[in-house]
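User: Could you take a close look at the salt bridges in this structure for me? I'd like to know where the partners sit and what surrounds them.

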Amino acid sequence: MRLLDLVPQFDGFIIDQYGALHDGVRPYTGAIEALAAIRAAGKRAVLVTNSGKSAGANEKRLVGLGFARELYAALISSGEAARLGVEEGAFAPDFARGAKVCVVGRAGDDYEIERFPLVPAELDDAEGLLILGSDAPRVSMDEYAERLEPAAARRLPALCANPDLLMLTPSGQHPAPGAIARLYESLGGKVVYVGKPHPFIYSSAARALDGVAPRRILAVGDSPLHDVEGAAKAGFATALVRTGLSAGRDDDTLRRQAPMPPDFILEGL
């Protein structure tokens, strides 16, 4: 079964980006065609992604991979959701406007920090951590523990805008920002998470689908934990696609690994 087979059954689609639509280098077979079929049927797809970067940065990447902007109704990144939450005061007082934050992420990437109403700072001078990315495997988890232990000792709050535990890279799977956030919690730090499987990104996606009833929405992704569990708790039907993190795994394994079993398991989009 592929996503194309399910288009007649639903009115709205929430589709994961990395691992479901593409592998970071090229689209998966049928991904562009599936989005085109949803649009041709007069239905809407909202793309969601646990990315610390803005929606615009993610859309630019998709265009470069061959996904035309008109193929989907909206793209919601966890980084964009975190920015909006800070602007609206959702994470105050720890992350109120003007708070000084140390950004945790890949070396050389500024994650468009200027879009946040926060002030970048070195760790010694920071009032909080903004976990937007991961520099693994260049930086090991032991090294992250050594770097972050002083912040945990100071009780600095952390905002993680990408809860993914694993990320796909050309050299295989490596710890993602969510793994760094969990490490920080193990050191005694406090973390607020924005993104899948946490509720805010799903409520934002549902709003973008403009009134489609939850039972008429199908959420599609490659992660049993992030994509299936989060969407199921939001009241959507779920489909786990056997690409990305779920590539090469049989149905029984995928269902055992999912905290909440998916309604459908797809060979692809």
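Analyst: Happy to. This is a predicted model, and a search of the whole structure turns up 17 salt bridges. Let's walk through three of them and then look at their surroundings.

A good place to begin is the pair Arg216 and Asp11, whose closest N and O atoms are 2.9 Å apart. Arg216 belongs to the loop between α7 (199-208) and β11 (217-221), while Asp11 belongs to the loop between α1 (3-6) and β1 (12-16), so this salt bridge ties together parts that lie 205 residues apart in sequence. Neither partner falls under the 20% cut-off for buried residues: Arg216 is partly exposed, with a relative accessible area of 26%, and Asp11 is partly exposed at 30%.

Next comes Asp109 with Lys53, where the closest N and O atoms are again separated by 2.9 Å. Here Asp109 sits in the loop between β4 (100-104) and β5 (119-120) and Lys53 in the loop between β2 (44-49) and α3 (55-64), so the pair joins parts 56 residues apart in sequence. Lys53 is partly exposed, at 29% relative accessibility.

The loop that holds Lys53 is worth a short detour. Ser51 also has its place between β2 and α3, but Ser51 counts as buried because its relative accessibility is 12%, under the cut-off of 20%. Leaving aside residues up to four places away in sequence, Ser51 touches Asn58, Ser77, Ser78, Gly79, Ala161 and Asn162. Ser78 and Gly79 are among the buried residues of α4, and that helix brings us to the third pair.

Arg115 and Glu80 meet through their side chains in a salt bridge, at 3.9 Å from N to O. Arg115 comes from the loop between β4 and β5 and Glu80 from helix α4 (residues 78-88), so the contact ties together parts 35 residues apart in sequence. Both of these residues are buried. They also do not stand alone: Glu80, Arg83, Glu87, Glu112 and Arg115 are linked in a network of salt bridges.

Helix α4 itself is mostly covered, with 8 of its 11 residues buried. Besides Glu80, the buried set includes Ala81, Ala82, Arg83, Gly85 and Val86. The cover over these buried residues includes β2, α3, β3 (74-77), β7 (157-160) and α7. After the helix comes Gly89, with a positive phi near 80 degrees.

You may like to set α8 beside this. Helix α8 (residues 224-233) is mostly covered too, with 7 of its 10 residues buried. Charged residues appear in its buried set, including Asp227 and Glu229. The buried residues of α8 pack against β1, α7, β11, β12 (237-241) and α9 (251-257). Here the residue that follows is Gly235, whose phi is positive, near 95 degrees.

Finally, for charges outside salt bridges, have a look at the negative surface patch formed by Asp142, Glu143, Glu146 and Glu149. Glu149 lies in helix α5 (residues 141-153) and is partly exposed, with a relative accessible area of 48%. Residues of a patch have no salt bridge, so this group stands apart from the network that links Glu80, Arg83, Glu87, Glu112 and Arg115.

Note on methods: Residues numbered from 1 in each chain as written. Predicted model: local features only at pLDDT ≥ 70, side-chain atom pairs only at ≥ 80, totals over all residues. Heavy atoms only, no water. Salt bridge = Lys/Arg side-chain N within 4 Å of Asp/Glu carboxyl O. Helix = DSSP H or I, 4+ residues; strand = E, 2+ residues; numbered from the N terminus. Buried < 20%, exposed > 50% of the residue type's maximum accessible area, 1.4 Å probe, protein only. Contact = heavy atoms within 4.5 Å. Patch = residues over 30% accessible without salt bridge, like charges linked within 9 Å, V, L, I, M, F, W, Y side chains within 5 Å. Areas by Shrake-Rupley, 256 points an atom, 1.4 Å probe, with all protein chains shown as cover. Lys, Arg positive; Asp, Glu negative; His and termini not counted. Charge placed at Lys NZ, Arg CZ, Asp CG, Glu CD.
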